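Here's a quick look at how two helices sit in this protein, plus a word on its cysteines. Have the model open while you read.

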Amino acid sequence: MAEYKVAEIFTSINGEGIYAGRLAVFVRFCGCNLRCSYCDTMWANEECEYRLMSEEDIVDEVIRSGVKNVTLTGGEPLLQKDVDIVINKLLAEKDLTVEIETNGSVDISRFIDGEKRPVFTLDYKLEGSGMEQYMNTDNYRYLCDRDTVKFVVSNEKDLYKTYDICKKYSLGEKCNIIISPVFGRINPDDIVQFMKDRLFNEARLGLQIHKIIWDPDKRGV
């Protein structure tokens, strides 16, 4: 039986993405291979406090929550050894939707086979993150209309790069596109104006609503 480093499991609303505002039970794993300049879960990227949990422990806790949407996050959840085992266990549960929030650097191809697959929210780390060189754009071959590529923008230069990437890889024809401002670095109205000026119909603005409802540094929400 596999064991996983779990920083926390909690129920809240999804704060961002296409499921924003819907209830979700979050499973946050420890560890990440990137160090983004604006990371709001840096505490989970290091060797944080964690519980060692088996796939059965995780599935049981998710089921006990009574929530039908489960989000695997981090850190970077796909770095966990044998993470495919817990993903498949969760997918096997009736009426459960499994979303994976991944940082865009890890190959997702091995997680998309089978009759039922997880929903991916895949980041593209722009220059403002300091991690753009690690992005794996081969992942875009495997995306479908339930998936999302999320661009977290720090400035106008990031906005232009977002537009270029979306057009280069025809992302609007494959999946959802979300543009999200780095909290406190760029005004959301500037993003809206950019979208209007370019008739960027495929994209949508995504605000981190959990940071509006609660203190931006509050954990477990």
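## Two helices and some cysteines

In this predicted model, the buried residues of helix 2 pack against strand 1 (3–13), strand 2 (23–29), strand 3 (51–54), strand 4 (69–73) and helix 3 (83–91). Which residues of helix 2 are buried? Helix 2 spans residues 55–65, and its buried residues are Glu55, Ile58, Val59 and Val62. Looking down the axis of helix 2, you'll see these buried residues fall within an arc of 95°, so they line one face of the helix. The spacing fits a general rule: an α-helix has 3.6 residues a turn, so residues three or four places apart point the same way. Right after helix 2 comes Gly66, with a positive phi near 80°.

Now for helix 5, residues 188–197, where Ile191, Phe194 and Met195 are the buried ones. They cover an arc of only 100° around the axis, which puts them on the same side of helix 5. Flip to the other side of helix 5 and you'll find Asp189, Lys196 and Asp197 exposed. The buried residues of helix 5 pack against strand 7 (148–153), helix 4 (156–168), strand 8 (176–181) and strand 9 (203–205). Just after helix 5, Leu199 also has a positive phi, about 45°.

On to the cysteines: searching the whole structure turns up zero disulfides. Cys166 is in no disulfide, and the nearest cysteine sulfur, that of Cys175, is 7.8 Å away. Here's how accessible two of the cysteines are:

| Cysteine | Relative accessibility | Status |
|---|---|---|
| Cys48 | 12% | buried |
| Cys166 | 3% | buried |

Definitions and conventions:
Residues are numbered from 1 along each chain as its sequence is written. This is a predicted model: local features need pLDDT of at least 70, side-chain atom pairs count only at pLDDT 80 or more; totals for chains, interfaces and linings use all residues. Side-chain values use heavy atoms; hydrogens and water are left out. A disulfide is a pair of cysteine sulfur atoms within 2.5 Å. Buried means under 20% relative accessible area, exposed over 50%, partly exposed in between (1.4 Å probe, protein chains only). Helices (H or I, at least four residues) and strands (E, at least two) are DSSP runs, numbered from the N terminus. The arc is that of the directions from the helix axis to the C-beta atoms. Contact means heavy atoms within 4.5 Å.
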